[in-house]
Amino acid sequence: MVLLRTRFPRAWAAAVRHPQMVDALLGVLIGVLSLLSVLEGPRGIPGRDLTALDVVVAATAGLLITLRRRWPVAVLAVATIAAASAVADPGEIYALTMVSVICAYTVAARRRRTIAWSAGVAAALIVFLAAVMFGGQVWDSSETLEDLAWMGMAVAIGDAFRTRRAYIAAVEERAERAEQSREEEARRRVAEERLRIARELHDIVAHHIALINVQATVAAHVLRPRPDQAEEALTHIRRAVSTVLEELSTVLTVLRHPDDPEATTEPTPGLNQLGGLLDSVAAAGLRVAHQQDGEARSLPAAVDLAAYRIVQESLTNVRKHGDPTAHLRLSYTSGGLTIAVDNRARFSAGARSRTGHGLTGMRERAASVGGTLNAGPDADDRFAVRAFLPAPLRKTVEA
C-alpha cells in the first residue's frame, strides 16, 4: 500500500475518494478469476466448459466483494456459506474461498477486535469442517491447513490495519487539538497585548492632557493682567505636548516594529522618573507632599512600571477631581511596595459611587503583578488610593 501511495499518488487519492468503485472493480476481477479457474482447472483439476451455475457463482463473488464495506459481518456470513458449499464438492473448487478471506479481512479492518477474531475463527472452522466432512479432504492436509492459514492471516492483517488507522486518527486529533491550543494562546496573548497598549495610551494621554487643560485655563485667566504668567503656562503646555508626543511615538514605534530591538531607546517608565513626574504636576499647580518609608530598592520591571503608572493616574485624578494639594507615600517593606495617595476631594452628586476608566486601569495594573488596589473616600471625606505591589526582598546568602 505504501508503494502504491508513493508511486501512484493520483490513483491512490482517487481510490480513497471512491472506495465503492474500487470494490466494484475488485468484484469484477474476482468474478473473472472465478470463471478462469473453471476453464483452466484449479489445483490439478481438469478444466471444463462454463455452465450457468459457474456464471451465477462468479456474479455472486463479485457482488459480495462489492458490498463488503457496507455490511461486513453479513457479507462474511454469506461468503462463508458459499465457500463451504464450494469446498464440499471435491470436483468443484471455485474462487469463493478467496472471497471469504477478503471479507474476513474487511471485518477485521472495520470492526473491533473481538468481533473480528470471533467472525474469522467461525468462518475458518465452517469452511474447514465442510472440506473435511463433505469434501473428502484430510484434516491435516496442506490444502486444508492452507485455507486456515489464509483466513488467520487475513484477520491479522485487517486487525493491524485497523489499529494503525486508529493510531493515525489519534495522532491527527492530538495535532489538531495542539493547533487549536496554540491559536487560543495566540488570541489570548493578542488580547492581553491590546489591553496593555490601551492602558499605556490611557495613562500617557490622560495625565498630560489634564496638565495641558490646567495650564490652558491658567493662561486664559492671566493672559491680559499677567502676561508673564501666561507665557510660563504656555511654556508648560508646550513641554507637556512635547512629552506626550514623544511617549506616543515610542509606543507607536514599538507597534510598527515589534521585532526590532533598536526600534526605541526610551527606557520603560519607573519610579526612578518619579521626580520628573512630580515636577510636571507641580508646574500645573498641584502641590504634592512626598514621603518615603523604608529604603528604596530596585523593583522588577513590571512592578516598577505598574507603580509609576498608578502614581501618575492617581495624581491625574487629583487634578481632575480634588483640591490642589495631595499626599504621596511610598513604603518599601520586605514583601513589596505600598503606595498611598490621598487628597481633599470635591465630590459632585453621585460621584462617590462612580468608577472611571482610570480606577479600573489602576486595579488591572496592580492585579497584573499580583497586587491589590483600593480607592475611594474615607471617613475624613478625603479620597484615598491604596495599592500594594508584591516584590519580595531577595536574600543574599554569604559563602
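The exercises below, each with a worked solution, concern a predicted model.

**Exercise 1.** Determine how the axes of helices α10 and α11 are oriented to each other, and which residues form their contact.

*Solution.* Step one takes the geometry, since two packed helices are described by the angle between their axes and the distance between the axes. For α10 (residues 274–283) and α11 (residues 301–321), the axes come within 11 Å and cross at roughly 10°. Step two applies the cut-off, by which angles under 35 degrees count as roughly parallel; α10 and α11 are therefore roughly parallel to each other. Step three lists the residues that meet: α10 contributes Leu274, Leu277, Leu278 and Val281, while α11 contributes Tyr308, Val311, Gln312 and Leu315. Sorted by class, this contact has seven nonpolar residues, one polar residue and no charged residues.

**Exercise 2.** Decide whether Asn272 is buried or exposed, and state where Asn272 lies.

*Solution.* Asn272 is found in the loop between α9 (227–256) and α10. Its relative accessibility is 65%, and because exposed means over 50%, Asn272 counts as exposed. A further step relates this loop residue to Tyr308: the two are 36 residues apart along the chain, yet their C-alpha atoms are separated by 8.8 Å.

**Exercise 3.** Identify which members of the largest nonpolar core touch the most other members, and which helix supplies the largest share of that core.

*Solution.* The core has 34 residues, of which Ile339 and Leu389 touch the most other members. At least two residues come from each of α8 (142–222), α10, α11, β2 (325–332), β3 (336–344), α12 (357–368) and β5 (382–390), and the largest share, eight residues, belongs to α11. Turning to Ile339, and leaving aside neighbours within four places in sequence, its contacts include Ala307, Ile310 and Val311, as well as Leu328, Leu330, Val385 and Leu389. Apart from this core lies another, of 31 residues, among them Val75, Ala119, Ala124 and Val155.

**Exercise 4.** Compare the span of helix α4 with the expected value, and find which helices its buried residues pack against.

*Solution.* Helix α4 (residues 52–66) has 15 residues, and the distance from its first C-alpha to its last is 21 Å, close to the 21 Å expected at 1.5 Å a residue. Its buried residues are Asp54, Val57, Ala58, Ala61, Gly62, Leu64, Ile65 and Thr66, and these pack against α3 (19–40), α5 (72–88) and α6 (96–110).

Terms used:
Residues are numbered from 1 along each chain as its sequence is written. This is a predicted model: local features need pLDDT of at least 70, side-chain atom pairs count only at pLDDT 80 or more; totals for chains, interfaces and linings use all residues. Side-chain values use heavy atoms; hydrogens and water are left out. Axes are lines fitted to C-alpha atoms, for helices over the stretch in contact, and angles run from 0 to 180 degrees between N-to-C directions. Helices (H or I, at least four residues) and strands (E, at least two) are DSSP runs, numbered from the N terminus. Angles under 35 degrees count as roughly parallel, over 145 as roughly antiparallel, 65 to 115 as roughly perpendicular and the rest as oblique. Contact means heavy atoms within 4.5 Å. Ala, Val, Leu, Ile, Met, Phe, Trp, Tyr, Cys and Pro count as nonpolar, Asp, Glu, Lys and Arg as charged, and the others, Gly among them, as polar. The expected span of a helix is 1.5 Å times one less than its number of residues. Buried means under 20% relative accessible area, exposed over 50%, partly exposed in between (1.4 Å probe, protein chains only). A nonpolar core is a set of buried Ala, Val, Leu, Ile, Met, Phe, Trp, Tyr and Cys residues joined through side-chain atoms within 4.5 Å.
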